[in-house]
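Me: Could you take a close look at one part of this model for me, the backbone spot in the loop before the short strand late in the chain, and then link it to the rest? I'm at the bench and would like a connected walk-through.

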Amino acid sequence: MSKKQRETVQKQFTKTAEAFAEFAVRDTPEVLAEKVEFAKPQPTDSALDVACGPGAFVLALAPRVSLARGIDLTVEMLRRARAFQRERQLANVAFDCGEAEQLPYPEAAFDLVSCQMSFHHISKPESALREMIRVTRPEGRLVVIDTLGPESDAKFELHNQIESRRDPSHTSSLRLTTFLQMFEECGLEILRQTMKRRQRSFNHWMLRAGLAAKHKRYLETRKLLEDSIPGDRAGYSPTLQGDDILIVHNEGMFLLAKQAVDGRR
Ligand SMILES: C[S@@+](CC[C@H](N)C(=O)[O-])C[C@H]1O[C@@H](n2cnc3c(N)ncnc32)[C@H](O)[C@@H]1O
């Protein structure tokens, strides 16, 4: 990854670590449970969660697997992840600092390798995916979960413009078709695929990025979103609700397998 993108991600997620940990870890137990089930964890699995942030997913996965690791670029996120780990007294989890594009693990080290809600921060998503595949055992599985950009070119541009205005470390919310093409090019077999419409409060989403209503970035993002309402020009299906706006993020969940060379799994 470029030095500039590394610094942008670290700056953004150091600044927002507290808000992010509070809103991402505490508020979505049902969604988290759904994602853990989706990954089909096995008691013998050694699992890795890439770009783990404050560890919500990997800590929820840990009681269902033998060993779990999380890796992230931002030290402040890892500090929070370790604090949550201590709170929950989970002994089978470890955290490392490192980049998704250059994972510090040997080949075929894990049975289950996941990355959730982070591909849209990675400037070369295919490099990260290839690294995830490298560290997965031949019989192992991968889980990719991320928000999806709209398929229409015009909506895609505006959608990503709004995301980047809110969070400068955003690179691109990829389209479903881009994910599917990338999986095929990387030789992955889709075992299961689910699309979810996640409705959320705009104000809450902004708070997760450390932005209250008084911030310049809040106002600029809100203006772009409000201007997109006629004809839903950015694909958020926005609805005004008092001083808030309800928005929808389309989320793709993919359970993947390396394609066995001889066709057997
Ligand atoms: C939106 S947060 C998601 C965190 C977590 N997966 C979750 O769902 O709560 C994105 C995280 O990706 C990390 N990140 C971004 N780019 C990365 C990269 N290239 N390598 C490793 N971590 C990265 C950031 O530090 C941040 O913690």
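**A loop residue and its surroundings**

Reply: Ser237 has a relative accessibility of 26%, so it counts as partly exposed. That value falls between the cut-offs of under 20% for buried and over 50% for exposed. Please keep in mind that this is a predicted model. Ser237 sits in the loop that runs between helix H10 (216-227) and strand E7 (239-241). What makes the spot worth a look is its backbone: phi of Ser237 is near 45 degrees, a positive value in a residue other than glycine. As a rule, most residues other than glycine have a negative phi.

Ala108 makes a good companion to look at next. Its phi is near 55 degrees, again positive in a residue that is not glycine. Ala108 belongs to the loop between strand E3 (93-97) and E4, and with a relative accessible area of 29% it is partly exposed. Lys40, just after H3, also takes a positive phi, of about 45 degrees.

Lys40 leads us back into helix H3, which spans residues 29-38 and has Leu32, Lys35, Val36 and Phe38 as its buried residues. Looking down the axis of H3, these buried residues fall within an arc of 160 degrees, so they line one face of the helix. The cover over them includes helix H4 (56-61) and the strands E4 (110-116), E5 (136-147), E6 (188-201) and E8 (244-258). E4 therefore turns up twice in this tour: it ends the loop that holds Ala108, and it helps to cover the buried residues of H3.

Finally, let's visit the ligand. Among the 19 residues around the ligand, Ala51, Asp72, Thr74, Ala100 and Gln116 come nearest. By class, this shell has ten nonpolar, six polar and three charged residues. Asp72 places a polar side-chain atom 2.6 Å from a ligand oxygen atom. Ala100 uses its backbone instead, with a polar atom 2.9 Å from a nitrogen atom of the ligand. Leu73 also takes part through its backbone, where an N or O atom lies 3.3 Å from a ligand nitrogen. On its own the ligand has 600 Å² of accessible area, and the protein covers 97% of that.

How values were computed. Residues are numbered from 1 along each chain as its sequence is written. This is a predicted model: local features need pLDDT of at least 70, side-chain atom pairs count only at pLDDT 80 or more; totals for chains, interfaces and linings use all residues. Side-chain values use heavy atoms; hydrogens and water are left out. A residue is near a molecule or strand if one of its heavy atoms lies within 4 Å of it. A polar contact is a pair of N or O atoms within 3.5 Å; within protein, one must be able to donate a hydrogen and the other to accept it, and residues adjacent in sequence count only if both atoms are side-chain atoms. Accessible areas come from the Shrake-Rupley method with a 1.4 Å probe; for residues, only the protein chains shown count as cover. Ala, Val, Leu, Ile, Met, Phe, Trp, Tyr, Cys and Pro count as nonpolar, Asp, Glu, Lys and Arg as charged, and the others, Gly among them, as polar. Buried means under 20% relative accessible area, exposed over 50%, partly exposed in between (1.4 Å probe, protein chains only). Helices (H or I, at least four residues) and strands (E, at least two) are DSSP runs, numbered from the N terminus. The arc is that of the directions from the helix axis to the C-beta atoms. Contact means heavy atoms within 4.5 Å.
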